[in-house]
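These are my notebook entries on a single protein model with a ligand. I set down what I looked up, in the order in which I looked.

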Amino acid sequence: MTKELRKRKDRKNEHIDYFMKSNYKRSTLFEDIYLEHNALPELNFEDIDTKTVFMGKKIDFPLMINAITGGTDFSREINVELARLAKKFNIPIAVGSQTIALQNEDSRQSFQVVRDILEDGIVIANLSASSSIDEVNSAIDMIRADGIQLHLNAAQELSMKEGDRNFKGIIDNIKNVVNSANKPVIVKEVGFGISRNAAERLYNVGIRYIDVSGAGGTNFIEIENMRNDEYDFTDVYSWGIPTALSLLQCTGISNELNIIASGGIKDSQEVVKSLCIGAKLAGISGQVLRHLLDGGFEDASNYLKELTYKIKVLMLLLGKQNLKELQNTPYKIKGELKELL
Ligand SMILES: Cc1cc2nc3c(=O)[nH]c(=O)nc-3n(C[C@H](O)[C@H](O)[C@H](O)COP(=O)(O)O)c2cc1C
């Protein structure tokens, strides 16, 4: 094994290890979105319908398991469990960055296992937004992906000792990729949010799926800081656009733009609020991973069972029978979120 590959594998495992040790708390600002209770919903709980279509396939809930890992033995084990969860709940799953598997054939199986388990379900590939079109097509082919996420992670790279320092040319690269890729392209952050200006620039080069991945959940400045013996980034932990603010900035740009809510999504109120303000789906990484590593498959499965049950409960309490109706729910914005808007 080359030194470079060893380092990449170590980094993958360290990300999971340090994620579990991270504990800095930031707000998503979802608490500043107010939805009104409907005391007369005139609905039967049995008729609440959470099904939708994403990337041309039917899914049971407006949720996805967002990008986490792949490339090592440990991440293969995690991917097996995540894929079983995605299959059980019939929701999409994105794999972690596949760069390692483009460079090393032995790492591929840890990603391919997700497609093997999902069969016809939605599996989404993942690479950096500076990847070439050949790399993008290889990542898609590797797991017969339904689409690909290209991640934007400048804050993470800059707080990583060995990270990238040059972010020039990324928007041109995204334009190239989206014009030549044979599957839908999602551009996502990794926990620092996407502003309206950035979203408009992405839309203008042809991007039709944006995952805001805002601040308030997994914090890669904190995670990288634990790996960095050169600089101390503790004072930058609060950086980023809170998820609710990022969502409000990105929804409303165009009906053609599909917005995915992620970054600190843990509970049913956050999912339902995301959909009310215009998101198509909510993505979860950290909370599912934490349940899986702390309590195993059963615990993670119970978490998703409760979450999906309570999404239905809240839909009924809003008087909304299906997701289309839910997406037209009026809401009010208060406090810090209102101030920032
Ligand atoms: C351990 C770990 C590894 C991650 N690796 C990737 C990755 O390889 N590619 C990516 O786009 N996002 C990656 N993410 C970021 C997530 O997809 C997501 O954008 C971010 O964690 C915010 O969501 P959360 O608060 O639900 O965790 C990773 C997250 C975690 C927790």
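Which helices and strands each supply at least two residues of the shell around the ligand? I worked on a predicted model, and I found three such elements: helix 1 (3-21), strand 7 (147-151) and helix 12 (286-317).

**Entry 1, ligand shell.** I next listed the residues around the ligand, which number 27. Those that come nearest are H151, G217, T218, S285 and G286. I then sorted the shell by class and obtained 18 polar residues, eight nonpolar residues and one charged residue.

**Entry 2, overall fold.** I counted 14 helices and 12 strands in the protein. The radius of gyration is 19 Å, and the globule rule gives 20 Å for 341 residues, so the protein is as compact as a globular protein of that length. I read the extent of the C-alpha trace along the principal axes as about 65 × 45 × 40 Å. Of the 341 residues, 45% count as buried. I also looked up contacts between residues at least 6 apart in sequence, and 75% of them join residues at least 24 apart.

**Entry 3, nonpolar core.** Which residues touch the most other members of the largest nonpolar core? I found I93, I148, V187 and I210, in a core of 92 residues. Helix 12 gives this core its largest share, 10 residues. Helix 12 is thus noted twice in these entries, as it also supplies at least two residues of the ligand shell.

I followed I148 further, setting aside its neighbours within four places in sequence. Its contacts include I124, A125, N126 and L127, as well as V136, A139 and I140. A181, K183 and V185 are also in contact with I148.

**Entry 4, backbone angles.** I then turned to phi, since most residues other than glycine have a negative value. I noted two residues with a positive phi, L29 near 70 degrees and R144 at about 45 degrees. Neither L29 nor R144 is a glycine.

I placed L29 in the loop between helix 1 and strand 1 (33-34). R144 is in the loop between helix 5 (133-142) and strand 7.

Are these two loop residues buried or exposed? L29 is buried, because 26 other C-beta atoms lie within 10 Å and the cut-off is 20 or more. R144 has 13 other C-beta atoms within 10 Å and is therefore partly exposed.

Technical notes: Residues are numbered from 1 along each chain as its sequence is written. This is a predicted model: local features need pLDDT of at least 70, side-chain atom pairs count only at pLDDT 80 or more; totals for chains, interfaces and linings use all residues. Helices (H or I, at least four residues) and strands (E, at least two) are DSSP runs, numbered from the N terminus. The radius of gyration is taken over C-alpha atoms; the globule rule is 2.2 Å times the number of residues to the power 0.38. A residue is buried if 20 or more other C-beta atoms lie within 10 Å of its own, exposed if 12 or fewer, and partly exposed in between; C-beta atoms are placed from the backbone. Two residues are in contact if their C-beta atoms, placed from the backbone, lie within 7 Å. A residue is near a molecule or strand if its C-beta atom, placed from the backbone, lies within 6 Å of it. Ala, Val, Leu, Ile, Met, Phe, Trp, Tyr, Cys and Pro count as nonpolar, Asp, Glu, Lys and Arg as charged, and the others, Gly among them, as polar. A nonpolar core is a set of buried Ala, Val, Leu, Ile, Met, Phe, Trp, Tyr and Cys residues joined through C-beta atoms within 7 Å.
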